[in-house]
Structures are given as C-alpha cells and as structure tokens.
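Please read the following note alongside the sequence and the structure. It takes up one strand with its partners, and then one pocket.

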Amino acid sequence: MSKVELLSPAGTLEKLKIAFDYGADAVYGGVSHFSLRIRSGKEFTMEDFALGIKYAHERGKKVYATINGFPFNSQLNLLKKHIVAIGALNPDAIIVATPGVLKLCHELLPDMPLHLSTQANVMNVLDAKVYADMGATRIITAREISLKDLKEIKKELPELELEVFVHGSMCFAYSGRCLISTLQSGRVPNRGSCANDCRFPYEMYAANPETGTLFKLEEEEGVGTYIMNAKDLNLASHMQEILDSGVVDSLKIEGRTKTAYYAATTAKAYRMAIDDYYAGKLDNDKYQYELESLQNRGYTDAYLVSRPFEKNDTQSLDFTMQLGTHQVSGQVNEEGTHFLCKYKTYPGDELEVHMPLDSKIDYVDNDIGTTYERDGRVYLKLKQLKAQNGKIWESVHSGNVNPIELPTKMPKFTFLRIPSHPDMGTYPKN
C-alpha cells in the first residue's frame, strides 16, 4: 500500500515553503480570483504562485490550485481566462466546487487532474460516480462523511482518489453552505469572503408577536453565548483507524489564512503521525503536544470516526478562541543566522527550538547564548540580544524589525517558542 499523502494549506509563498520543509507532500492554494479564501489569495500573486509551483516540483512535491468559488454569470468569461492562466502554470491539479466549473475545466484543460471540493458535499457512491464520470480524479469528501461510507465509495470506484480533512477550523455548516455572513455583513462565504459571524457571541431575546413585547433572556454567570462556534477538527490521534481503512489517499489540513507557525506545526505533527503509523509506533501524546501549542477553539474529532448521534462536543460555547500552550517568540530567517521577534524576548528566557523533522543544530555555549537538549527537546538561552546592526537590546518585542543574532546556525524557518504561562508544563484538556 502506498503511503497516504499529507496535504497542507499554502496561503503565501513563505507558508508554501514552510509546509514542505516541515513534511507536507503537497499543498493547496491559489490567487484571489474564484478562490474560497480571497484574503489569502490576495497575498499570492500569479508570479508568486508560479514560483511556488516551481519550488515544489524541484523538490518532488505537488501544488493543487484552488478555483473553488461559486461564480456568477457575469464572471464566466473572466473565469475561462483564469482557468487557462492557472493551467499554464502547470499545477498538479485544480480544485473546483461546482459541476459547471468542473465541466469547463475538463473542456479547457483536458489533461489536468481535477479535484472536487468538499463544498460539493459528496456523501455517497451515487454522487461520487457522477462527478467521476464528469472528469473528477479526486473527491474531497464532505466533512460529515464516515469511514464506513468512504469504504463503500472506494469499493465501487477504486480508481477515484479520496481526500479527507483531518485538522483545522470547521465551518458551522460543515461543508460550507452557510449564509450567516451574507445576511449580516454582505460578505459571501461561498465566494471566499466569509466574516466568520458564527464565531461571535450572541445575546438571546424572546418576542411576543401579539403584544410586541421583547425581552432579553439572561444567561447564567460564566456560561457563554457562542451558540454557533464550531470547535476545531483534530484527528491526529486517529491515524490507526483512518489508515487501517486503506481507502484514504490524502489527509488534508485546513488553514490558508493561518500563521506560518500553524503551517509548520500542523505539517510536522501529521508528518510524525503518518510516518509513525507505517513504522508501527504511534505516539498520540507527541502529536497532541505540538497541536495544543496552537491557538484553537477547542478540539473535536467530529464525525469521520464517530456518528453524529454519538457526538455532543463539536461546539465551543464558552469562548471563541483560546491560547495554545506556547507563544511563538521568534522566526528564524532563511539564512538560519538571525531571528525576528514575534512576541517578547529577554536575555535568559528558555526558548524551545521548533525545527523541521530530522533537523540538527550544534550545541554551543558562547557570548551570544547556549543551545542544549533536555528530555528529547532542543532549547536556546540567549545571553544577549545582539541585533544585526550590532546594537545590544535589553529586550525585544513583536514589531521590532531588527534581526537578532543566534549563537549557532539553525534550519531556515525554525521557530522559537515559549510556554504561554510560566507554570504550563502540559497541554490543557478541553
């Protein structure tokens, strides 16, 4: 059995590179036109996207281009030009969401592999076969689907690739057919500009239509009103069930608008989980240590391995977002010699060195700082904060654009992180 693909989000050229360095086999992304992530796409120009595809192919990696928006009639001529322009960049596949766009891509780019977006909400063999007959080579299945249903699709359509989401933010409507943002702010989710209105707190009122009386329903102290706030998906501890099924071709991580640290950490955690599965040595605590370091809305394993009637933990009702166990203090430059501050750093802080898998650094003790290993993790203590221009700082904070010297060279895109709270030694349970 061939090893499952790890597919990461790429919202920018930098995040594309980071995802690959931290273990992704492929990434997905696109420019803003006809993408479901307009804000992310604006950071990816056609020129940068072309460079990203070249970067990937030089390393034996893949890039899937997103043209998964829902176009209006007035945009169809522009859509045709955009499909041809993206095809000329030679991505490894194009992701689409509607039957019409799928058919159009197949006509304009007959040799291009086409992946059907989760927005199409494929849940069964009948729908999967229709899209396969139309030219889809891969189905990104609905987030509500179960492993049992995936097995049925694969049994009927063994040549059709199946891709499933395993991590990241989840839409309140799961497969994305939501109009809350459209109604409240005019930002259309299915055209890439969702304002995430489901994440907001809401006050509850009751109205009497006969008298016109309106009164507020008072909530209990400490009980939140985030009534539509879906938790984040986290299936890192379910590699055994998912990969034992033998029917999943690609594991997908959500998050094109997330941070560079998110791109790195999710890729690293799931790379470890996949490799450990094939080596027969799964260690779920190891993966969750990494994933709990990220900001999150609470985690759930949702419905891939559990049926909806068995679950009552998919909504985060008390808060919209919580800190992870760690804060990112710095990001190492591509040369590996300096870092830019991302939080606040003082001489003497113990910073954990978060590197791509199988990376090594020298353990040194010099006038800049010391690096060392403890309990299988690598740490750095800076004795002085020496900027590239020679200035010595008493402290550096986020927004300081002076590159700070490292005591030894580190892999590019290494992150320096520190516990969010001084006494935080293990991740909190949600």
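1. A residue is called buried here when its relative accessible area is under 20%. The model under discussion is predicted. By this criterion, strand S13, residues 326–332, is mostly covered, as seven of its seven residues are buried.

2. Strand S13 pairs with strand S23, residues 415–419. The two strands run antiparallel and are joined by five bridges. Within this pairing, glutamine 327 has isoleucine 418 of S23 as its bridge partner.

3. Strand S13 also pairs with strand S14, residues 338–341, again in the antiparallel sense, here over three bridges. One of the residues involved is valine 332, whose bridge partner in S14 is phenylalanine 339. S13 and S14 form a hairpin with five residues between the strands. In this hairpin, glycine 336 takes a positive phi near 80 degrees.

4. The second largest pocket deserves separate attention. Its volume is about 500 Å³, and 20 residues line it. Those nearest its centre are Lys268, Met355, Ser359, Gly376 and Val378.

5. Which helices and strands each supply at least two residues of the lining of this second largest pocket? They are helix H10 (260–279), helix H11 (284–291), strand S16 (350–354) and strand S18 (377–382). S16 gives the most to the lining, with three residues.

6. The character of the lining should also be noted. In the second largest pocket, nine lining residues are charged, eight are nonpolar and three are polar.

How values were computed. Residues are numbered from 1 along each chain as its sequence is written. This is a predicted model: local features need pLDDT of at least 70, side-chain atom pairs count only at pLDDT 80 or more; totals for chains, interfaces and linings use all residues. Side-chain values use heavy atoms; hydrogens and water are left out. On a 1 Å grid over the protein atoms alone, a cavity is a set of points where a 1.4 Å probe fits but cannot get out, and a pocket is an open set with protein on both sides within 12 Å along at least five of seven lines; lining residues have an atom within 4 Å of a point. Grid points are joined across faces, edges and corners, and a volume is the space filled by probe spheres set on the points. Helices (H or I, at least four residues) and strands (E, at least two) are DSSP runs, numbered from the N terminus. Ala, Val, Leu, Ile, Met, Phe, Trp, Tyr, Cys and Pro count as nonpolar, Asp, Glu, Lys and Arg as charged, and the others, Gly among them, as polar. Buried means under 20% relative accessible area, exposed over 50%, partly exposed in between (1.4 Å probe, protein chains only). Two strands pair if DSSP finds at least two bridges between them.
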